[in-house]
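Work through the exercises below with the sequence and the model side by side. Each task is followed by a solution that proceeds step by step.

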Amino acid sequence: MSLFLTIAAVAVLIAASVVAFFLRSQLRIGGRVGQYRLESLIGAGGMGVVYRARHARLHRPAAIKFLPPERSSELTVARFEREVQTTAQLTHPNTIAIYDYGRASRGVFYYAMELLSGLNLQQLVERHGPISDARTAYIVRQVCGSLSEAHDSGLVHRDIKPSNVFLCERGGLYDFVKVLDFGVAKDIDQDGGAFLTRPGVLVGTAAYASPEMVRGATVDRRSDIYALGLVMYYLLAGKELFCGSSTVEILQQHIELEPKPVPGSLGQLEALVMSCLARNPKDRPQTAADLRDDIDALGLEGWDAEDAKRWWANSG
């Protein structure tokens with residue numbers, strides 16, 4: 001069995017065991033956790049399970065993420081708490097909002113966050129194919145806003161990828177971005193959380209790992225810029241730039257292969273995408289704000305709030 005298939009099989013088994021725990025626990029549909037009543041299962045993975053819930057008094061819908069006891073090692077609990085504490089510090093409208101945090105029955109850690117209805121960028125491309133350079137710019141500008149606040153707060157996300165960028169509707173605005181999952185974020189200025197990722201252990205996702213992450217070097221905000229360049233490539237080309245039969249093969253490509261887009265596939269954003277994918281961090285846009293300014297300088301037309309509203313009415 002290949003490494004990829006082995007990892008996939010393990011992930012399925014972990015997800016199944018997580019779901020099984022909740023089915024046999026007191027945390028069932030209709031049950032209460034703190035001030036929240038559980039309504040339905042949204043999804044499950046290696047780091048926990050997510051339920052749709054509603055605040056008992058405010059009647060506000062929420063998503064609640066649980067970390068079951070069998071996954072509650074010192075390391076996973078620390079990561080879980082760090083995700084809550086890190087995300088709760090951020091207030092940018094394009095960053096997922098955290099409502100509450102605590103421990104339910106049988107030692108189950110949980111946190112409540114805003115409930116989103118829509119689809120992530122991976123689902124967008126899988127269902128609708130590549131998107132225009134104007135729409136890509138519209139989306140990425142918002143991601144830059146979220147990352148700018150995080151970076152200015154001394155945090156590097158380290159897992160920017162299509163499935164961690166969510167599109168939804170907020171206050172009548174469509175294609176509204178929410179950046180998710182700051183669970184592996186790293187403080188640029190402090191080493192207090194260094195044990196959370198262990199030396200020599202890659203965090204994040206192989207297809208979106210920067211060359212410096214692959215080499216085990218120090219990462220800063222420019223690592224997120226590299227990953228965001230790969231997200232732009234994915235949106236415009238409809239496929240990932242780096243892919244292979246194993247995680248090791250994909251990681252090697254980040255440091256050995258020169259990025260080469262399909263001619264014409266990246267439209268007017270091609271030069272900007274390639275600058276984000278420079279192997280040397282010094283050759284990339286240095287901040288998320290710089291990248292947003294570079295996008296604005298292109299003056300792309302063909303996608304605005306009204307275009308987004310029409311698309312969601314027809315396809316969303």
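The exercises concern a predicted model, and they move from the chain as a whole to its aromatic pairs, one helix and the nonpolar cores.

**Exercise 1. Describe the chain as a whole: how many helices and strands does it have, and what percentage of its residues count as buried?**

Step 1. The secondary structure comes to 10 helices and 11 strands.
Step 2. The chain has 316 residues, of which 49% count as buried.
Step 3. Among contacts with a separation of 6 or more, 65% are between residues 24 or more positions apart.

**Exercise 2. Classify the ring pair of tyrosine 174 and tryptophan 312, and locate both residues in the chain.**

Step 1. The structure holds four aromatic pairs. In the pair of tyrosine 174 and tryptophan 312 the ring centres are 6.3 Å apart, which satisfies the cut-off of 6.5 Å for pairing.
Step 2. The planes of these two rings stand at 40°, so the pair is tilted, given that stacked requires under 30 degrees and edge-to-face over 60.
Step 3. Tyrosine 174 belongs to strand β10 (residues 173-179) and tryptophan 312 to helix α10 (residues 305-315), so that the pair links distant parts of the chain, 138 residues apart.
Step 4. Tyrosine 174 is partly exposed at a relative accessible area of 25%, whereas tryptophan 312, at 13%, counts as buried.

**Exercise 3. Which residue pairs edge-to-face with tryptophan 312, and what sits over the ring of that partner?**

Step 1. The partner is tryptophan 311, with 5.6 Å from centre to centre and 75° between the planes.
Step 2. Tryptophan 311 counts as buried, its relative accessibility being 15%.
Step 3. Over the ring of tryptophan 311 sits the charged end of arginine 135, 4.1 Å from the ring centre.
Step 4. For a second arrangement of this kind, turn to arginine 60, which lies over the face of tyrosine 99 at 3.6 Å from the ring centre.

**Exercise 4. Work out which residues of α10 are buried and how they are placed around the helix axis.**

Step 1. The buried residues of α10 are Asp307, Ala308, Trp311 and Trp312.
Step 2. These residues lie on the same side of α10, because the arc they cover around the axis is only 130°.
Step 3. The face turned away from this buried side carries the exposed residues Ala313 and Asn314.
Step 4. Among the elements that cover the buried residues are β7 (118-120), α3 (121-128), α4 (133-152), β9 (165-170) and β10.
Step 5. At the start of α10, a side-chain oxygen of aspartate 304 comes to within 3.1 Å of the backbone nitrogen of glutamate 306.

**Exercise 5. Which helix gives the most to the largest nonpolar core, and how is leucine 291 placed in that core?**

Step 1. The largest nonpolar core has 55 residues, and those with the most contacts inside it are Leu121, Leu167, Leu228, Val273 and Leu291.
Step 2. Helix α6 (residues 221-237) gives the most to this core, contributing 12 residues.
Step 3. Apart from neighbours within four places in sequence, leucine 291 has contacts that include Val140, Cys144, Ile225, Leu228 and Met232.
Step 4. A second, separate core has 16 residues, including Ala63, Ile96, Cys168 and Phe176.

**Exercise 6. Is arginine 222 buried or exposed?**

Step 1. Arginine 222 is found in helix α6.
Step 2. With a relative accessible area of 18%, arginine 222 is buried, since the cut-off for that class is under 20%.
Step 3. Setting aside neighbours within four places in sequence, its contacts are with Glu212, Pro281, Lys282, Arg284, Pro285 and Gln286.

How values were computed:
Residues are numbered from 1 along each chain as its sequence is written. This is a predicted model: local features need pLDDT of at least 70, side-chain atom pairs count only at pLDDT 80 or more; totals for chains, interfaces and linings use all residues. Side-chain values use heavy atoms; hydrogens and water are left out. Rings of Phe, Tyr and Trp (its six-membered ring) pair if their centres lie within 6.5 Å; planes under 30 degrees apart count as stacked, over 60 as edge-to-face and the rest as tilted. Helices (H or I, at least four residues) and strands (E, at least two) are DSSP runs, numbered from the N terminus. Buried means under 20% relative accessible area, exposed over 50%, partly exposed in between (1.4 Å probe, protein chains only). A charge sits over a ring if NZ of Lys or CZ of Arg is within 6 Å of the ring centre and within 35 degrees of the ring normal. The arc is that of the directions from the helix axis to the C-beta atoms. Contact means heavy atoms within 4.5 Å. A polar contact is a pair of N or O atoms within 3.5 Å; within protein, one must be able to donate a hydrogen and the other to accept it, and residues adjacent in sequence count only if both atoms are side-chain atoms. A nonpolar core is a set of buried Ala, Val, Leu, Ile, Met, Phe, Trp, Tyr and Cys residues joined through side-chain atoms within 4.5 Å.
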